[in-house]
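Reader: I have a new model on my screen and would like to go through it with you. Could you tell me what stands behind each term as we meet it?

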Amino acid sequence: MSREQPPLSLAVITATVRDGRFGPTVAQWFRTQAASRPDVVTHAVDLRDFPLPLTLPEPGQQPPAQAARVRDELGAVLARADAYVVVTPEYNHSFPASLKNVLDWFLTPWAAKPVGFVSYGGLAGGLRAVEQLRQVFAELHAVTVRESVSFHNAWERFDEHGEPVDTAASEAAAKTLLDQLVWWGRALRSAREEHPYGG
């Protein structure tokens, strides 16, 4: 019989920072789905709260004080997480520049950790953004889980209370995603504890 493991620390990242964005509605719904599970503890990470500059410092150089403070705060949040869920729209067949900027600022926190995706958009439901993100996270040594949650024509899929119209399908998709994240999260956390990745 396996020993009981502590819950996974799951960072739910709202990737868009645009005015009028729909991301917080989708992210809050997903966090509500995860809240009923004893095997995960979620932490909201809204990239709008961490305004990093687009200009990265040269290797070995420190950014300005304000940028360094934001970098340190977000870096600590990302480093503590055992797993991540990225809530992303699709902009011009890709993912938001705000998310790419964060991925360029932070190269190491994602390594040997699982990443899942909740996407939304028009007819494609954000899936083209997810396809590209899988390639980017592979470069960062993260493990992206197979299943995802996607909302096609998302603005028609949620009611005025921020709940999906088709609750059965969306909740089933969220459960499958969380099941896979927990499996990979536990396996990779144990592996990192036994032998640090890259060490």
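Author: Gladly! Let us start with contact, which means heavy atoms within 4.5 Å. Among contacts in this chain between residues at least 6 apart in sequence, 82% join residues at least 24 apart. Please keep in mind that this is a predicted model, where local features need pLDDT of at least 70 and side-chain atom pairs count only at pLDDT 80 or more, while totals for chains, interfaces and linings use all residues. Residues are numbered from 1 along each chain as its sequence is written, and side-chain values use heavy atoms, with hydrogens and water left out.

Reader: What makes a stretch a helix or a strand, and how many of each does the chain have?

Author: Both are DSSP runs, numbered from the N terminus: helices are H or I with at least four residues, and strands are E with at least two. By that count the chain has 5 helices and 6 strands. Read from the N terminus, their order is β-α-β-α-β-α-β-α-β-β-α.

Reader: Why is the chain called as compact as a globular protein of its length?

Author: The radius of gyration is taken over C-alpha atoms, and the globule rule is 2.2 Å times the number of residues to the power 0.38. For 199 residues the rule gives 16 Å, and the chain comes to 17 Å, close to that value, so it is as compact as a globular protein of that length. Along the principal axes, the C-alpha atoms fill a box of roughly 50 × 50 × 25 Å.

Reader: Why is S94 called buried?

Author: Buried means under 20% relative accessible area, exposed over 50%, and partly exposed in between (1.4 Å probe, protein chains only). S94 has 18%, so S94 counts as buried. Across the 199 residues of the chain, 47% count as buried.

Reader: Where does S94 lie, and what is S94 in contact with?

Author: You will find S94 in the loop between β3 (83–89) and α3 (97–105). Leaving aside neighbours within four places in sequence, S94 is in contact with P89, A129 and Q132.

Reader: What makes the pair of S94 and Q132 a polar contact?

Author: A polar contact is a pair of N or O atoms within 3.5 Å; within protein, one must be able to donate a hydrogen and the other to accept it, and residues adjacent in sequence count only if both atoms are side-chain atoms. The side chains of S94 and Q132 make such a contact at 2.8 Å.

Reader: N92 is in the loop between β3 and α3 too. Is N92 buried or exposed?

Author: Exposed, because its relative accessibility is 75%, and the cut-off for exposed is over 50%. The phi of N92 is near 55 degrees, a positive value in a residue other than glycine. Most residues other than glycine have a negative phi.

Reader: What is the phi of H141, and why is H141 called partly exposed?

Author: Phi of H141 is near 70 degrees, again a positive value in a residue other than glycine. Its relative accessible area is 43%, so H141 falls in between the two cut-offs and is partly exposed. H141 sits in the loop between α4 (127–139) and β5 (143–144).

Reader: How do you know that G185 is buried?

Author: Its relative accessible area is 0%, so G185 meets the under 20% cut-off. G185 belongs to helix α5 (residues 167–194) and touches L8 and P114, not counting residues up to four places away in sequence.

Reader: And why is G198 called exposed?

Author: G198 has 75% relative accessibility, so G198 passes the over 50% cut-off. G198 is found in the segment after α5.
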